[in-house]
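Dear colleague,

I am handing over the structure we spoke about, and I would be glad if you could look through it before reading my notes. The sequence and the coordinates come first, and what I found comes after them.

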Amino acid sequence: MGYATAEVHAFRAELRDTFLAASLGVRKPPLTWDDVQRKWPGSGYHQWFSTTRGWSRPGYDIQEVDAFVKMAKLRLIAMRPTDNGRRD
């Protein structure tokens, strides 16, 4: 059992675009951690993606995806604008 690959791919693509935009100096990134929480609600990462239980394909390893999401969360939070308009 794992996470559905199409859902994980969509999430990764949005993160890629966000981090690329940030590296190019775009003021407002396409995706923020607040956006992530609205799109993928729930306190646990397991609720964000469908699992492949009962499917013929195994999907992405749950622990690996959860670790990836935790690292993305830290990076997205660090990209939040500060009170003086600069990013930390």
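The notes below go from the overall fold to the core, then to the aromatic rings and lastly to a patch on the surface.

Please keep in mind throughout that this is a predicted model. The protein has 88 residues, of which 30% count as buried, and it contains 3 helices and 0 strands, so that the order of elements from the N terminus on reads α-α-α. Its accessible surface comes to about 6200 Å², with 53% of that belonging to carbon and sulfur atoms. If one takes the contacts between residues at least 6 apart in sequence, 71% of them join residues that are at least 24 apart.

Turning to the interior, the largest nonpolar core has 15 residues, and those with the most contacts inside it are Phe11, Leu15, Val36, Trp48, Phe49, Val69 and Leu76. At least two residues of this core are supplied by each of H1, H2 and helix H3 (62–78). Val36 may be a useful residue to start from when you look at the model: leaving aside residues up to four places away in sequence, Val36 touches Phe11, Leu31, Trp48 and Leu76.

The aromatic rings deserve a separate look, and the count here comes to 2 aromatic pairs. In one of them, the rings of Phe11 and Phe49 have their centres 5.7 Å apart and their planes at 70°, and because planes over 60 degrees apart count as edge-to-face, that is how this pair is classed. Phe11 lies in helix H1, whereas Phe49 lies in the loop between H2 and H3, so the pair ties together parts that are 38 residues apart in sequence. Both partners are buried: Phe11 has a relative accessible area of 1%, and Phe49 has a relative accessibility of 4%. Ring pairs also link Tyr3 with Phe11 and Phe49 into a cluster.

Finally, there is a nonpolar patch on the surface, formed by Leu20, Leu24 and Val26, which together have about 300 Å² of accessible area. Within this patch, Leu24 is found in the loop between helix H1 (5–23) and helix H2 (33–39). Is Leu24 buried or exposed? With a relative accessibility of 66%, Leu24 counts as exposed, because the cut-off for that class is over 50%.

With best regards

Conventions. Residues numbered from 1 in each chain as written. Predicted model: local features only at pLDDT ≥ 70, side-chain atom pairs only at ≥ 80, totals over all residues. Heavy atoms only, no water. Patch = residues over 30% accessible without salt bridge, like charges linked within 9 Å, V, L, I, M, F, W, Y side chains within 5 Å. Areas by Shrake-Rupley, 256 points an atom, 1.4 Å probe, with all protein chains shown as cover. Salt bridge = Lys/Arg side-chain N within 4 Å of Asp/Glu carboxyl O. Helix = DSSP H or I, 4+ residues; strand = E, 2+ residues; numbered from the N terminus. Buried < 20%, exposed > 50% of the residue type's maximum accessible area, 1.4 Å probe, protein only. Core = buried A, V, L, I, M, F, W, Y, C linked by side-chain atoms within 4.5 Å. Contact = heavy atoms within 4.5 Å. Phe/Tyr/Trp six-rings, centres within 6.5 Å; stacked < 30°, edge-to-face > 60°.
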